[in-house]
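Reader: Please take a close look at one part of this model, the ligand and its surroundings. What is around the ligand, and what touches it?

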Amino acid sequence: MLHIDIITAVPALLESPFAHSILKRAKDKNLLNVNIINLRDFGLGKHQQIDDYQYGGGAGMVMMCEPLSKCIESLKANIIYDEIIYMTPDGATYNQKTANTLSLKNNILIICGHYKGIDQRIRDMYVTMEISIGDYVLSGGELGAAILVDSIGRLIPGVLSDETSALTDSFQDNLLAPPVYTRPEEFNGLKVPEVLLNGHFKMIDEWRQDESFKRTQERRPDLLD
Ligand code: ADE
């Protein structure tokens with residue numbers, strides 16, 4: 001069982017992503033448990049303030065230390081986290097290798113930033129991993145956190161019904177996945193490659209490996225380095 005806590009100032013953004021399809025199945029099978037924590041519940045004063053102007057001036061608010069610290073400490077009182085992850089564009093770029101590693105953990109905490117991000121002291125004190133989902137800026141960490149949970153959740157043993165199917169994904173062996181076809185055999189004059197119809201599993205396997213390699217060479221030669 002992988003337990004993931006997510007701290008967010010906008011819990012509504014994380015309501016739907018885990019309620020369907022494969023992640024729902026993972027939850028129903030008790031293989032994955034995702035718990036959303038509203039940072040606002042730890043806000044200061046009667047307005048439950050969670051952000052403030054940044055020292056030194058400049059546009060954009062910064063998420064304050066106290067609410068985050070109170071929230072993280074309350075969670076840590078009950079759980080020992082393997083990783084405390086902060087979603088940020090200046091983190092290490094996320095990839096399948098990191099997804100594989102994280103899918104083997106037991107307890108993960110993800111912190112979603114908003115506005116200009118969180119006070120650096122929270123990063124210094126608590127965060128063990130900083131992850132970016134790509135070289136572009138989102139308005140908050142929530143969509144990135146959803147991507148993490150989705151990509152990790154489907155790798156937990158027992159989640160995918162066909163145990164081998166995660167192993168044949170793109171990136172699992174640094175290759176892109178080969179093309180796939182289903183019925184009909186001919187569509188608008190376009191035929192399914194003959195080799196896939198002949199029932200020779202060894203030939204099919206070789207064809208898929210060749211296609212994977214060709215596709216990777218054409219589209220992502222960097223993966224072959
Ligand atoms: N928050 C804002 N931009 C982000 C990104 N690219 N990756 C992860 N978290 C983010």
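Author: A polar contact here is a pair of N or O atoms within 3.5 Å. With that cut-off in hand, turn to the ligand. Keep in mind that this is a predicted model.

Start with Leu138. One of its backbone N or O atoms lies 3.0 Å from a nitrogen atom of the ligand. That pair is a polar contact, because the cut-off is 3.5 Å. Ile133 also brings in its backbone: an N or O atom there lies 3.0 Å from a ligand nitrogen. Thr88 adds another backbone N or O atom, 3.3 Å from a nitrogen atom of the ligand.

Now the cover. Taken alone, the ligand exposes 260 Å². The protein buries 95% of that area.

Next, where the shell comes from. Two or more residues each are given by strand 5 (83–93) and strand 7 (129–132). Strand 5 has the largest share, with 3 residues.

Here is the shell by name. Met87, Thr88 and Pro89 are part of it. So are Ile131, Ser132, Ile133 and Gly134. Tyr136, Val137, Leu138 and Gly140 complete the surroundings.

Sort that shell by class. It has 7 nonpolar and 4 polar residues. No charged residue is in the shell.

Last, the wider setting. The domain assignment of the chain gives domain 1 as 2–153 and domain 2 as 170–224. The centres of domain 1 and domain 2, taken over C-alpha atoms, are 37 Å apart.

Conventions: Residues numbered from 1 in each chain as written. Predicted model: local features only at pLDDT ≥ 70, side-chain atom pairs only at ≥ 80, totals over all residues. Heavy atoms only, no water. Near = heavy atom within 4 Å. Polar contact = N/O pair within 3.5 Å; in protein donor to acceptor, adjacent residues only side chain to side chain. Areas by Shrake-Rupley, 256 points an atom, 1.4 Å probe, with all protein chains shown as cover. Helix = DSSP H or I, 4+ residues; strand = E, 2+ residues; numbered from the N terminus. Nonpolar A, V, L, I, M, F, W, Y, C, P; charged D, E, K, R; others polar. Domains from an automatic or database assignment.
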